[in-house]
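The exercises below are meant to be worked with the sequence and the coordinates open side by side. Each task is followed by a solution that proceeds step by step.

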Amino acid sequence: MRNILNDYLIICRRMGVEAEKLHIIDKDCIEKGIVELICKHNIKKLVMGAASDKYHSRRMTDLRSRKAIYVRENAPAYCHIQFICNGYLIHTRYKGCSFDLNTMLNIY
């Protein structure tokens, strides 16, 4: 996991994107730690995984990870979050939205 994260940081640096590793304090509840870090560091943009290992799928169209769902529902509204799976954008929670825009688009 550390090697993969380091590889992502190198890619970000090459592309001119500012990124850094933050360590989650509460290892018993990762999703709460992520939300806590968003608040503590005033994170405005976040990219995270959308699926638990058993649900990785190229055709995935919705969040499958309990952690991703928790972060989507509990992160502050000022944080724009993109959820990815195997390099594909699965879901976006837009900054300032108090509703799930992806679900609203599917209704209409």
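**Exercise 1: The strands and their pairing**

In the hairpin of β2 and β3, which has 2 residues between the strands, Asn-86 takes a positive phi near 50°. The model is a predicted one, and the task is to describe how strands β1, β2 and β3 are paired, beginning from this hairpin.

Solution. Step one is to take the hairpin itself: β2 and β3 (residues 88-93) pair in the antiparallel sense, and 5 bridges connect them. Within this pairing, Phe-83 lies opposite His-91 of β3. Step two is to turn to β1 (residues 45-49), which runs parallel to β2 (residues 80-85) and is joined to it by 5 bridges. Here Leu-46 has Ile-81 of β2 as its opposite residue. Step three is to place the strands in the chain, where the order of elements reads α-α-β-α-β-β-α, for a total of 4 helices and 3 strands.

**Exercise 2: The nonpolar core**

Determine which residues of the largest nonpolar core touch the most other members, and which elements give two or more residues to this core.

Solution. Step one is to list the members with the most partners: the core holds 17 residues, and those touching the most other members are Ile-38, Leu-46, Met-48, Val-71, Ile-81 and Phe-83. Step two is to assign the core to elements, and those contributing two or more residues are α2 (30-41), β1, α3 and β2. Step three is to follow one member outward: leaving aside residues up to four places away in sequence, Val-71 is in contact with Glu-31, Ile-34, Val-35, Ile-38, Leu-46, Met-48, Ile-81 and Arg-93. As background, nonpolar side chains in soluble globular proteins tend to be buried together. For the protein as a whole, buried residues account for 29% of the 108 residues.

**Exercise 3: Charged side chains and cysteines**

Find how many salt bridges the structure has, and classify Glu-73 and Arg-72 as buried or exposed.

Solution. Step one is the search, which over the whole structure returns 1 salt bridge. Step two is to identify the partners: Glu-73 is bridged to Arg-72, with 3.6 Å between the closest N and O atoms. Step three is to apply the accessibility cut-offs, under 20% for buried and over 50% for exposed. Arg-72 counts as buried because its relative accessibility is 16%, whereas Glu-73, at 55%, counts as exposed. Arg-66, found in helix α3, is exposed as well, since its relative accessible area is 72%. Its C-alpha lies 8.4 Å from that of Ala-51, which is 15 residues away in sequence. Step four concerns the cysteines: Cys-29 is buried with a relative accessible area of 14%, Cys-85 is buried with a value of 1%, and the count of disulfides comes to 0.

**Exercise 4: Confidence along the chain**

Establish which element has the lowest mean pLDDT and which the highest.

Solution. Step one is the overall level: the mean pLDDT of the protein is 80, and 77% of its residues reach 70 or more. Step two is the comparison of elements, in which helix α4 (residues 101-107) has the lowest mean, 47, and helix α3 (residues 66-74) the highest, 92. Step three is to inspect residues 103-108, over which pLDDT stays under 50 and for which the model has 1 contact beyond four places in sequence.

Terms used
Residues are numbered from 1 along each chain as its sequence is written. Side-chain values use heavy atoms; hydrogens and water are left out. Two strands pair if DSSP finds at least two bridges between them. pLDDT is the predictor's confidence in each residue, from 0 to 100. Contact means heavy atoms within 4.5 Å. A disulfide is a pair of cysteine sulfur atoms within 2.5 Å. Buried means under 20% relative accessible area, exposed over 50%, partly exposed in between (1.4 Å probe, protein chains only). A salt bridge is a side-chain nitrogen of Lys or Arg within 4 Å of a carboxyl oxygen of Asp or Glu. A nonpolar core is a set of buried Ala, Val, Leu, Ile, Met, Phe, Trp, Tyr and Cys residues joined through side-chain atoms within 4.5 Å.
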